Amino acid sequence: MNAAKKLASACALAAFVTTPALAGPDDDNLMINDEINMVTETAAPAHLQDVLDTIYSGWRFRTDETQALQIDDFENPAMIFVDQALDLFNTVDGTEGKSCASCHENGPEQFAGLSASMPKVIDGKLTTMEDLLNGHRAAAMGAEPWKWSGANMQAMVALIGLQSRGMPMDVAIDGEAAPFWEKGKEMYYTRYGQLELSCANCHEDSYGMMIRADHLSQGQINGFPTYRLKQAKLISRHNRFRGCIRDTRAHTFAEGSDEFRALELYVASRSNGLSVETPAVRQ
Amino acid sequence: MQLTRRDTLALGLGAAALTLLPFRASASVEDKISAFTGGATVGEGDITLTAPEIAENGNTVPIEVEAPGAVSIMVLAAGNPNPDVATFNFGPLAGSHAASTRIRLAGTQDVVAVAKLADGSFIQASSTVKVTIGGCGG
Amino acid sequence: MASGVKPRVKVPKKASAGDTITIKTLISHKMESGQRKDKSGNVIPRSIINRFTCEFNGETVIDVNIEPAISTNPFFEFEAKVPESGEFVFTWYDDDGDVYTTSKKIEAS
């Protein structure tokens, strides 16, 4: 860390001690591998304009040291799991003797843009990437479904997500998606648990402030699956939802439940316009 | 240790953090150092230990050690149940006598680096890392 | 731990003879410290990578003794001299006796 940066962070610390409310997102710019410039701050999508002017990536709320882990793919520990998923993509599994590559001959690259639009309604059902993967494993490969937050599943979700990295999040919220989106929105503003906290209490009303030692972000999910330093592995969107609701001291919903699918759509729509950062690194 | 408000503010200014919080190295750390040095005196010199002032998560704390001319550098975490972290031994093709890695810290504590120089002398540096205990993230 | 261990290494493909280059390495490994307990209170036995080495054409660049305080999915960054064209060999030694190796060629002009 150079002297100027050290001084800046020392000042930030002094601000934290005296006036915690002033600590918002930082001003750093996220450029990955010196070539992909990421949008970490943009005007809030139209559906949020009554409550937020600007949306920020969670990256902007992290310390310099945590941020640094995401700016180079050889620093980013999530990339070893992306490498593993690339091996899995070419590995035969199931009764049909097929791998992903048997059908998707052009490799994972053909899925560029897909994750930016997920979850989406397919055949009347709100479908996440995990649903798509297990659906294809069953129908095309005759393979056992992967566990929602299992290592193979989240590595593959990360590999497919990586193909959209740098593209703006753009999930549909109208048409067939509308009823799912409304349900997710209602959940977002519902107070859960003994602490009676809604998603909005922390991530809309209080982002930038400290909750004990944790710097609250807007809870955007444009970087998931995310390598969390706490668990030292890739964490699914639903696992993080579960953790948040559990921390309100509530009975939480299951990973892969219809409730969390709806919440995923709504929270993803709050990220519309931010770059897909998958796989991000957070604390 | 009681921190006065003035101390806390000075800590905020960062520069004095090292001298303000002299976490005592445990006997075990002193033993590890004397095992490394063979009992020789450890001085100060051209050795740099770079570590964050505050770590968001103690599971993965990035550190860098550098000591020009070092044969090897031992890193210890004075407040861990087992203070050993790593020892970097530099070979003839080392491009610098420096290395970075990521370490686990069980709580706020001093990280210590001891370098053995080519002439057989030893020098030491240390840095205090505050490990935060999070709300939801920690 | 032999399954699912995956090294990842960044080495430039080319350099000028005599140059110093930066190398980054990551490997997937739990690095079970031996300090944790399972749900029934039993200590989970230590299982870590205990040594990492990098050699170039048979000569040592760096040799690291690793203890349980190194984080899950160990990362190392360091510099190496490149006197001529050749091959870097990276080796990780597991407590269970497994050895993981990968190599990268570099062309020096």
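A salt bridge here is a side-chain nitrogen of Lys or Arg within 4 Å of a carboxyl oxygen of Asp or Glu. Keep that cut-off handy for the exercises below, and remember that this is a predicted model.

**Exercise 1. Check whether Arg60(A) and Asp26(A) satisfy the rule, and place both residues along the chain.**

Step 1: start with the distance. The side chains of the two residues meet at 3.4 Å, N to O. The cut-off is 4 Å, and the pair counts as a salt bridge.

Step 2: locate the partners. Arg60(A) sits in the loop between strand S4 (54-56) and helix H2 (64-68) of chain A. Asp26(A) belongs to the loop between helix H1 (3-18) and strand S1 (31-32) of that chain.

Step 3: look at the separation. The two residues are 34 apart, and the bridge ties together distant parts of the chain.

Step 4: put the pair in context. Over all chains, the structure holds 24 salt bridges.

**Exercise 2. Describe the overall build of chain A, and work out how its radius of gyration compares with the globule rule.**

Step 1: count the elements. Chain A has ten helices and eleven strands.

Step 2: compare the radius with the rule. The radius of gyration is 19 Å and the globule rule gives 19 Å for 283 residues, so chain A is as compact as a globular protein of that length.

Step 3: add the extents. The C-alpha trace of chain A spans about 65 × 40 × 30 Å along its principal axes.

**Exercise 3. Take the open sheet S10-S9-S11 of chain A and explain why two of its strands have a side without a neighbour.**

Step 1: read the order. Three strands make up this sheet, and their pairing is mixed.

Step 2: find the edges. Strand S10 (233-235) and strand S11 (281-282) of chain A each have a single partner strand, so one side of each is left without a neighbour in the sheet.

Step 3: zoom in on one pairing. S10(A) and strand S9 (residues 226-228) of chain A are antiparallel, with three bridges between them. One example to look up: Thr226(A) has Ile235(A) as its bridge partner.

**Exercise 4. Hunt for unusual backbone geometry in the loops of chain A.**

Step 1: check the prolines. The bond from Met118(A) to Pro119(A) is cis, with omega near 0°. Pro119(A) lies in the loop between helix H4 (100-103) and strand S5 (120-122) of chain A.

Step 2: move on to Phe224(A) and Pro225(A), which are also joined by a cis peptide bond, with omega about -10°. Pro225(A) is in the loop that connects strand S8 (214-215) to S9 of chain A.

Step 3: check phi. Glu196(A) is not a glycine, yet its phi is positive, about 50°. You'll find Glu196(A) in the loop between helix H7 (178-188) and helix H8 (199-203) of chain A.

**Exercise 5. Sketch chain C and follow the pairing of S6(C).**

Step 1: list the elements. Chain C has zero helices and eight strands. Its C-alpha trace spans about 60 × 20 × 20 Å along the principal axes.

Step 2: pair within the chain. S3(C) and S6(C) run antiparallel and share eight bridges. Lys24(C) is opposite Glu77(C) there.

Step 3: pair across chains. S6(C) is also joined, antiparallel and by four bridges, to strand S7 (residues 94-103) of chain B. Ala80(C) faces Ala94(B), while Phe76(C) faces Thr101(B).

**Exercise 6. Characterise the interface of chain C and chain B.**

Step 1: size it up. Chain C puts 29 residues in contact with 26 residues of chain B. The two bury about 2,200 Å² between them, with 50% of it on carbon and sulfur atoms.

Step 2: find the top contributors. Ala69(C), Ser71(C) and Phe75(C) account for 23% of the area chain C buries against chain B, more than any other three residues.

Step 3: classify the interactions. The rule finds zero salt bridges across this interface, but 19 residue pairs in polar contact.

Step 4: map the side of chain C that touches chain B. Strand S3 (19-27), strand S5 (59-66) and strand S6 (75-82) of chain C each supply at least two residues. S5(C) gives the largest share, eight residues.

Step 5: sort that side by residue type. It divides into 15 nonpolar, seven polar and seven charged.

Conventions:
Residues are numbered from 1 along each chain as its sequence is written. Chains are lettered from A and ligands numbered from 1 in the order in which they are written. This is a predicted model: local features need pLDDT of at least 70, side-chain atom pairs count only at pLDDT 80 or more; totals for chains, interfaces and linings use all residues. Side-chain values use heavy atoms; hydrogens and water are left out. Contact means heavy atoms within 4.5 Å. Buried area is the accessible area (1.4 Å probe) that two parts lose on being put together, summed over both. A polar contact is a pair of N or O atoms within 3.5 Å; within protein, one must be able to donate a hydrogen and the other to accept it, and residues adjacent in sequence count only if both atoms are side-chain atoms. Ala, Val, Leu, Ile, Met, Phe, Trp, Tyr, Cys and Pro count as nonpolar, Asp, Glu, Lys and Arg as charged, and the others, Gly among them, as polar. Two strands pair if DSSP finds at least two bridges between them. The radius of gyration is taken over C-alpha atoms; the globule rule is 2.2 Å times the number of residues to the power 0.38.
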